[in-house]
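These are my notebook entries on a structure that I am reading for the first time. Each entry records what I looked up and what I found.

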Amino acid sequence: MVFAVEARALVKVYGKGDAGVRALDGVSVGFERGGFTAIMGPSGSGKSSLLHCLAGLDAVTSGQVLVGGVDITALSDRELTGVRRDRIGFVFQAFNLLPQLTAARNITLPLDLAGRRADRELMAGVVEVLGLADRLDHRPAELSGGQQQRVALARALVARPEVVFADEPTGNLDSRSGLEVLRFLRTSVRSFGQTVVMVTHDPEAAACADRAVLVADGRIVADLPNPSADQLRSLRPPAGAR
Amino acid sequence: MSAAVIRTQLSGIGRRPGRLVLTGLSVLVACFLVFGAFLARDIAVRATADALSTTPMATDVVLSVRGGTLFSAEQLARVRATPGVAEAVGRVESTVRLRGVQRSHLTVVSDPGSGPLSRIRLVSGAYPAGHGEVAVDSRTAGRLSVSAGSRIALESGEVRVTGVVDAPADPGERAYTPDFVAAALGGTEYPRIDIRAASPVAARQLTSGLSQVVDPGQTVPMSIRSGAAARAAEVKDAARQMDRVFELIAMFVVVSVGAAALVATATFRIVFAQRMRQLALLRAVGAQPGQLVRALLVEGAVVGLVAGVAGVVAAQGAGYLAVVVARSAGTALPMPDVPVGAGIGVVIGAVLLTVAAVTAPAFGAAKAAPLQAFRTSSTLSAESRIGAYRLVLGLVLGVAAVGSVAVLVGSWPSTEPDGDSGLALLALAAMATFGALIALGPVVVRPVLAAVSWPLRRFSTVGSLATGGVGAAPRRAAGVSVVVALGVALIVATIVGTSGMTAYLDAKLAMRAPADLIASGSDAGVDAAQVAALRGDPALVDVTAFRTAEVPIGSMSGLAVDLDPAALPVLRSLLEAPRPGEVVLAQWAADSLGVGVGSRASLGPLSLTVRAVLTADGPFASAALLSPTDLDRLGASAPVVLANARGSGETGLITARDAVRRLVPGTDVSLLADARTQATGQVAGLLAVALGLLGLTVLIAVVGVGTTTALSVHERTGEIGLLRALGLSRGGVRTMIASEAGLYGAIGAALGLVLGVPFAWLAVSALDLGVPLTLPLGQLLVVVAALVVIAAAAGLLPAWRAARVSPVAALATE
C-alpha cells in the first residue's frame with residue numbers, strides 16, 4: 001500500500017547522554033491517501049514530536065519519514081523547505097496567520113513563496129466551502145477565531161498538498177467554532193480527497209476522524225478505525241500515568 | 001534586596017557581553033567623536049602655531065617694541081653683551097622691490113642661519129655672512145631662476161645669492177640673511193629681539209632686568225615676555241582662527257551625541273524587552289518596581305562608564321595613529337597631548353548621557369507584570385496610533401518649524417550683514433522639525449514606507465513580507481528611521497551647501513584669477529604682433545588680450561573690461577560675451593544703477609542693455625563687461641594679456657612665464673594660479689572633515705538599525721518559524737530580514753533627503769552671500785544608495801540569527 005506519509009522506526013531524542021529524553025521510541029506508522037487520522041495522547045506522550053518529525057519541521061534522531069514515497073530525513077534544509085512548501089499543509093492551534101497580510105494573501109502565501117499561481121477554481125471552491133468569500137480583504141485582527149482558523153485551513157488546502165497536518169486545530173476555539181473546523185476538515189477529506197493528520201487530546205475531536213492512533217511514552221499503543229468518543233475516553237490512560 | 005537585584009543584572013552583563021556592546025556602542029562612538037574632536041582641535045592649533053610661529057622653541061625671552069620706535073643695532077649689541085644671554089637675534093622682515101619687474105617684491109627675512117634660534121635649514125651653498133648677501137628658499141629660487149652664486153637685481157642695487165634654504169611655507173618670494181644685512185637692505189631697524197639664555201635661572205633674571213640694559217632712559221615703550229608666553233600668544237591667535245572651524249564641528253558633534261542618546265534609549269528598550277521574562281520573574285519573587293528601576297539605572301551607568309572609557313582610549317589611540325600616518329605621508333603634525341581632565345569629563349558625560357537614556361526604558365521595564373514571567377514576549381511596538389499628547393506636541397512643533405521658516409523668509413532680503421540671527425532662526429526651525437518628526441514618527445512612517453518599498457512589494461513576495469514586517473511595528477521603525485533621517489539630513493545639507501559654496505567660490509576665483517598668468521607689457525601694453533607670438537608659443541594656451549577703462553557707476557566709479565569670456569575655459573560657462581550695445585554688470589553696479597536684466601543702463605556716454613547681472617564682481621573686480629567697440633568709446637587702456645600654462649604644476653607655470661618674458665620684453669608677469677590652488681584646497685578639506693564627522697553620526701544610526709532589526713527578529717520568532725514551516729527557505733529569511741534593515745535605512749534616507757535639501761537651501765539663502773542654490777543629484781543619490789546598502793548590511797547579523805529559527809517555533813503556543 002502506498003501511504004501519503006509513513007514513519008519507519010522513528011526515534012527522536014532531545015538532549016544528549018543521561019539528560020536525553022526519548023520522545024519517540026521507534027514509531028512505525030502509515031497514513032493512507034485520502035484518510036483522516038487523529039493522533040491522540042496525553043501531554044508529553046510524544047504526539048507533538050511525532051507531528052514535527054512527520055511534517056519535516058524537526059530533524060529525527062534515527063528512522064525514516066516518507067512523504068509521497070520520498071524519504072525527507074535525507075534531504076537538505078533547502079530541499080526540506082521545498083517539501084514543506086509544496087507538499088505539506090499546516091493548521092496550527094494558534095492559527096498563525098501573518099497579521100500584516102489580508103486573508104486572501106495569507107491563503108496564497110505558500111504559493112507566493114513558491115512563485116506559483118493559485119488554481120483559481122480550487123481557490124474559489126475552498127473559499128466557498130469555508131464561507132470566507134466576504135472575508136478575503138480582512139486582516140486577521142478583524143476576524144473571529146473560527147474565521148481565522150478557516151483562513152488557515154484554506155491556506156493549507158489551496159496548495160493541494162500531499163498531506164495536511166493539523167496541530168490541536170480546535171484548541172483555541174469555543175466548542176461551536178471547533179466543531180465547524182472539524183466539519184471542514186472532514187469535508188476536505190471527502191470533497192477534495194485530502195489526506196489529513198490531526199493531533200489532538202480531545203476525544204470528541206478525534207471521534208470525527210476515520211482512524212485514531214494513540215501515543216504514549218513515545219510509542220503507539222493503539223490504532224483504532226472509526227473510533228467513537230466513548231471508546232477513546234475509556235482508552236485514555238489514568239491521570240498521572242504518563 | 002536592591003543589591004541582590006543589581007547583582008543579578010550586572011552578572012547578566014558579564015554573561016552576555018554582546019548586550020553590553022550593543023547598548024554601549026552608540027555611546028562609545030559619541031565619546032570617540034567628542035574626545036576625538038577635542039584632540040583634533042588641540043593638534044590643529046599646535047600644528048598651525050608651529051607652522052606660523054615666528055618664535056623658535058629655544059627662545060627664552062622675547063623683547064618687542066610697542067609703538068613706532070625700533071630697537072637699534074647698538075641696543076641689540078648691548079643685549080648680546082648682557083651676562084646670561086647666550087644668543088640674541090634681531091627679527092626684522094623688510095620688503096625690497098625687484099628691478100625691472102613692476103610690482104614684484106622680495107621679502108628679506110632676518111635669520112641667524114643656524115643654531116637653535118634659526119627657523120631655516122641650509123640646503124645648498126653657504127649661508128650669507130656679510131652685506132649684500134642673501135639665501136633664498138627653494139620656491140623663490142625657482143620663481144626667480146636663481147641658485148647659489150647668481151645675483152638678484154634690486155631697484156636699490158644688487159644682492160648675491162649664497163645658498164638655498166628650506167624655510168617655513170610662507171607666501172611670496174623670500175630671502176633669508178643675518179639680521180644686520182636684512183635691516184640694512186630694508187633700511188630699517190629691529191621691531192623685536194629674540195634671546196636664548198645661558199640657563200633657566202638667567203632667563204628669569206633677564207625677563208626682569210633687560211629693560212634697564214636696553215633702554216636705561218626708558219624712552220622706548222617695550223614688552224618683555226618669556227619665549228613660552230610669546231608662543232602661547234601665537235597659539236591663542238591660531239586657536240581663534242581654528243575655533244571658527246571647530247564651532248561648526250562642535251555643532252555636528254552635539255547632533256551626533258543627541259543621535260547617540262536616541263539610539264541608546266531605543267537599544268535599552270530592546271534589551272530590556274528581551275529580558276522581560278527575567279524582570280517579570282524578579283517581580284514575581286518580590287522585587288519592587290523601584291528596585292528594578294534602580295538596578296537598571298546602575299546597569300546604564302556601568303555601560304556608560306565602560307563605553308566612555310573605551311571611547312576616550314580609542315580616540316587617543318586614533319589620535320596617535322592619525323599623526324603617525326600623517327607624518328609618514330609627509331605632513332608634520334605634533335603628537336596629541338594626553339588631556340586627562342578632558343578625558344574624565346567625557347567619561348562623566350558618557351555616564352550621565354547613558355543614565356538619562358536608560359531612564360525611560362527602565363521605568364517601562366519595571367512595570368513588567370509578574371505574569372509576563374510565564375509568557376514569551378510578544379510584539380510591543382505594533383501600535384501605530386500615538387497618544388493625543390504626543391500628537392499635539394508633534395503638531396505644535398511642526399507649526400513652530402513652519403512658523404520660524406515663514407518668519408525667516410518674510411524677513412528677506414535681510415538687513416543684517418552676517419545673517420547670524422537668520423541662521424539661529426533656521427537652527428530653531430530644524431530642531432522643531434526634528435522634534436515633530438520624533439513625536440509623529442509612527443504616523444509618518446507608514447506612508448513613507450509605502451512609497452519607498454514599492455519596488456520591493458511589486459517584484460517579490462519576500463520583499464512584501466519585509467515591508468509588512470517593518471509596517472507591522474511602526475513605532476520601532478520610526479524610532480530608528482528618525483535617527484537615520486537625522487544623519488542623512490545633515491549629510492545632504494552639507495553636500496548641498498558645499499556644492500553651492502564650491503560653485504560660488506569657483507565663480508569668484510574664476511573672476512579673480514581667470515587665467516594662470518597676466519602680463520601687462522611695456523607702456524604701450526602688449527601689441528598685436530606680440531599677442532600673435534604668444535599664441536604661437538608651445539608653452540602657452542588660451543592667450544587672450546583685454547583692455548580696461550574707468551566708467552562712472554552712478555555716483556561711484558568702476559572698472560569696465562572687454563575680456564572675451566569664451567577665450568578662457570573657467571569663464572566660458574559663467575559668462576556670455578556682451579554684443580555691442582550690451583553690458584554684463586556686477587551685482588553692486590546693477591544695484592547702484594537701479595537696473596536689472598533687460599533694462600537700459602547708462603555708463604558715462606553709453607546707454608546699454610543689461611544682458612546679465614553677476615552674483616558677485618566681474619573679472620578682476622570689474623563693475624562692467626562690455627564689447628570692445630563700446631569700450632573704445634570709453635577710452636580703453638593699453639591691452640593686457642592673459643594666458644594659461646600648457647604644462648602642469650610649478651614647472652609649467654615657470655616655463656609659461658619665461659616664455660611671456662621672452663616674447664614681451666620688459667613686461668611684468670604675475671602668476672594668478674597661486675590664489676586658485678590655495679582656495680580650492682580649503683573647501684575640499686572642510687568638506688572631507690565635515691563628511692567624516694557626519695559619517696560617525698550615520699555610524700551611530702546604523703548601530704541603531706542593527707539593534708532594532710535584532711529586536712524585530714526576537715519579537716517575531718514565531719512568525720519567522722511559521723514562514724519557515726510554510727516553505728520560506730533560510731536564504732529567504734535572511735533576505736527578508738536584511739531587506740527590513742535596508743527599509744529602515746531607506747525610510748530614514750527619504751525623510752533625511754526631504755528635510756535636508758530645503759534646509760540647506762534655506763541656510764544658503766539666509767547667509768545671503770549670493771551663493772547659488774544647487775541640487776547635486778548624483779552625489780545625493782549615491783548617499784541614499786550607500787545608506788540603504790549599509791543599513792541592510794547592519795541587518796545581516798540579525799538576519800543570520802533569524803535564519804536559524806526552527807520551524808517548530810511556529811508551533812509553540814503563545
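Entry 1, a loop in chain A. I looked up Arg160(A) and found it in the loop that links helix H5 (145-158) to strand E7 (163-167) of chain A. I note here that the model is a predicted one. The phi of Arg160(A) is positive, at about 50 degrees, although the residue is not a glycine. Most residues other than glycine have a negative phi. I then asked how exposed Arg160(A) is. It has 15 other C-beta atoms within 10 Å and is therefore partly exposed, since a buried residue needs 20 or more and an exposed one has 12 or fewer.

Entry 2, a strand in chain A. I next looked up Ala9(A), which lies in strand E1 (residues 3-14) of chain A. Its phi is near 45 degrees, a positive value in a residue other than glycine. Because Ala9(A) has 13 C-beta neighbours inside 10 Å, I recorded it as partly exposed.

Entry 3, where the chains touch. I looked up the contacts between the chains and found 19 residues of chain B in contact with 25 residues of chain A. On the chain B side, helix H14 (461-471) and helix H22 (717-725) each supply at least two residues. I sorted the residues on that side of chain B by type and obtained nine nonpolar, seven polar and three charged.

Entry 4, chain B as a whole. I recorded 25 helices and 21 strands in chain B. Of its 814 residues, 46% are buried. I also looked up contacts in chain B between residues at least 6 apart in sequence, and 84% of them join residues at least 24 apart.

Entry 5, the cores. Which residues have the most contacts inside the largest nonpolar core? I found Cys31(B), Val492(B) and Ile747(B), in a core of 217 residues. Helix H23 (residues 730-767) of chain B gives the largest share of this core, 20 residues. Domain 1 (1-54 + 250-377) and domain 3 (404-494 + 683-814) of chain B each contribute at least three residues to this core. I followed Ile747(B) further, leaving aside its neighbours within four places in sequence, and its contacts include Val445(B), Val448(B), Leu449(B) and Ala477(B). A second, separate core has 56 residues, among them Met511(B), Ala519(B), Leu653(B) and Ala659(B).

Entry 6, a sheet of six strands. I traced an open sheet in chain B with mixed pairing, in the order E14-E15-E19-E16-E18-E17. Why is one side of strand E14 (548-553) and of strand E17 (600-603) of chain B left without a neighbour in the sheet? Both strands stand at the edges and each has a single partner strand, so one side of each has no neighbour there. From one strand to the next, the twist averages 40 degrees. At the E14(B) edge, six bridges join that strand to strand E15 (residues 556-561) of chain B, and the two run antiparallel. I noted one bridge pair, Pro552(B) with Ser557(B) in E15(B).

Entry 7, strand E4 and its partners. I looked up strand E4 (residues 105-110) of chain B and found five bridges to strand E3 (residues 93-97) of chain B, with the two antiparallel. In this pair Arg97(B) stands opposite His105(B). Four bridges also join E4(B) to strand E9 (residues 174-177) of chain B, and these two run parallel. There I recorded Val108(B) opposite Ala175(B).

How values were computed. Residues numbered from 1 in each chain as written. Chains lettered and ligands numbered in written order. Predicted model: local features only at pLDDT ≥ 70, side-chain atom pairs only at ≥ 80, totals over all residues. Contact = placed C-beta atoms within 7 Å. Nonpolar A, V, L, I, M, F, W, Y, C, P; charged D, E, K, R; others polar. Pairing = 2+ DSSP bridges. Axes fitted to C-alpha atoms, helices over the stretch in contact; angles between N-to-C directions. Core = buried A, V, L, I, M, F, W, Y, C linked by C-beta atoms within 7 Å. Domains from an automatic or database assignment.
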